[in-house]
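Thanks for making time this morning; I would like to walk you through one model, beginning with how its chains meet and then turning to its interior.

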Amino acid sequence: MSDLLKNILRFAVFILIQVFLLNKIPHLHRFITPYIYFLFLLWLPFSVSRQWLLIIGFITGLTLDYFTMTPGLHTAACLLIAYVRPFLISVLTPKDSSEFNYREPSPRAMLWTPYLVYVFVLTLLHHGYMIFLQWLSFGSFLDFIIKVIATTAISMLLIVTVELLFPRKMKFRTNTA
Amino acid sequence: MRNIFLFIRRYRTLLTFLFLQGVALWFLFTYNRFHKAKGLGVANEITGWVNSKYSNVESFLTLKEENRRVHKMNDSLLNLLSRNFMHVDTSARLVKDSVPFDTLGNSRRYYFRPASVVYNTVNSQKNYIQLNRGSNHGIKDNMAVISSDGSAVGVVVNVSPNFSQVMSLLHVQQKVNASLKKTGDFGTIDWDGKDPRRLTLRGIPKSIDIKTGDTVLTSTYSYNFPPGYMVGTVAEVVTDKSTNFYTLKIKPGANFYNIKQVFVVENLQYSEQITLNQETRKKIEDPKNIKK
């Protein structure tokens, strides 16, 4: 399956899971909605250019926003992580995109520790910024802090579970191929 | 000039980021104020279509419970209209009268339209409900929405041709007039954004004796809600010594977790009332009319 088709399918699946499953399940506590749709952005291939990352981030966020009736909220957060992603990858794994043996960021391509740091930082940025924007219009500061921590923890748990349950089959690339 | 192009070329990504971020924030902040999202008309049709497909599947799972509730509502309505039983025969047909006058010369004030929920959340601070009826079916902004068992649910804030969005009572910007069934004193229902099982009623003076379990109904002073429909029951009386008014925690009558069938209620005199209200204000507050 080509990368493009695979990612379009992934996009649809992540959005549907987020809208119809995670946004609807009875919440664990007050407002801790588990988020996972942004994993789509984290899983995009290394070879996607920074411009395209931003555009894809914008579209992803806006699609979710129109389902949840909060235009701009998730879009802003998605843009932020799409912008930060390339920097973070180059800091954590000092390689050029063509030097990776796998196409996408994954525990196998980056090793577990750098991958978890990568996921954690972006999750924290996404939630922090999104909840900050919500907090601007409503809520107390303590609520804001607790929500960021708790939502990040839940999302990390979900993402690690997804990584362990559904290891992506990826071709090992060598320089000769 | 060349330097400008070089600058743009060099910081292309950052500029794209800042531009898109600006667009996103513009959407966010203009939307919250006016409840009109950019491009929402088109997006509403698309998300509505997806939502209605999903809802088709989901409604099977809640069919039994919903059936029971609708049945109960029908039952109570039939009991209210007991004279209908006299006329029922094979040639009789119940015709819904949309003309604002009935045969007794009474004017019809509220018109009910059935609708079903295609999307709903409770775990945000701003919860919206999407219905499968839109402007093609006569739904307009500011119409009230009540659930199939007759409890207040919210107010329509946006419509597209086939779908409409309802601002649920579980929305931190929602304000609905409500009154106590026992004494008729009225106050305002709002939501503190914390627990979806508790609304807040403010503005009831402390001179009234209130017990938990007292019923709260929609008020006669509301422009969009028909009076006498259930809002909820008093669950807790919060005593605040600094004011002369109660802060009451209300258990909502509608179950927002599994809401499926609703009625959209049109106040046929809504625009007349609103216009009169505005005209009055203009007349009284206009500096020309103030007596010197």
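**Chain contact and cores**

The contact takes 28 residues from chain B and 28 residues from chain A, where two residues are in contact if their C-beta atoms, placed from the backbone, lie within 7 Å. Please keep in mind that this is a predicted model, in which local features need pLDDT of at least 70 and side-chain atom pairs count only at pLDDT 80 or more, while totals for chains, interfaces and linings use all residues. Residues are numbered from 1 along each chain as its sequence is written, and chains are lettered from A and ligands numbered from 1 in the order in which they are written.

On the side of chain B that touches chain A, the largest share, twelve residues, comes from α2(B); helices (H or I, at least four residues) and strands (E, at least two) are DSSP runs, numbered from the N terminus.

Turning to the interior, the largest nonpolar core has 49 residues, and Val153(B), Val166(B), Val262(B) and Val264(B) have the most contacts inside it. Such a core is a set of buried Ala, Val, Leu, Ile, Met, Phe, Trp, Tyr and Cys residues joined through C-beta atoms within 7 Å, buried meaning that 20 or more other C-beta atoms lie within 10 Å of a residue's own. Strand β4 (residues 152–159) of chain B gives the most to this core, with six residues. Apart from this core lies another, of 39 residues, among them Phe67(A), Met110(A), Phe17(B) and Leu20(B).

Finally, strands β8 (residues 199–205) and β11 (residues 245–252) of chain B pair in the antiparallel sense over six bridges, pairing requiring at least two bridges found by DSSP, and Pro205(B) stands opposite Phe245(B) in β11(B).

Methods. Buried ≥ 20, exposed ≤ 12 C-beta atoms within 10 Å, placed from the backbone.
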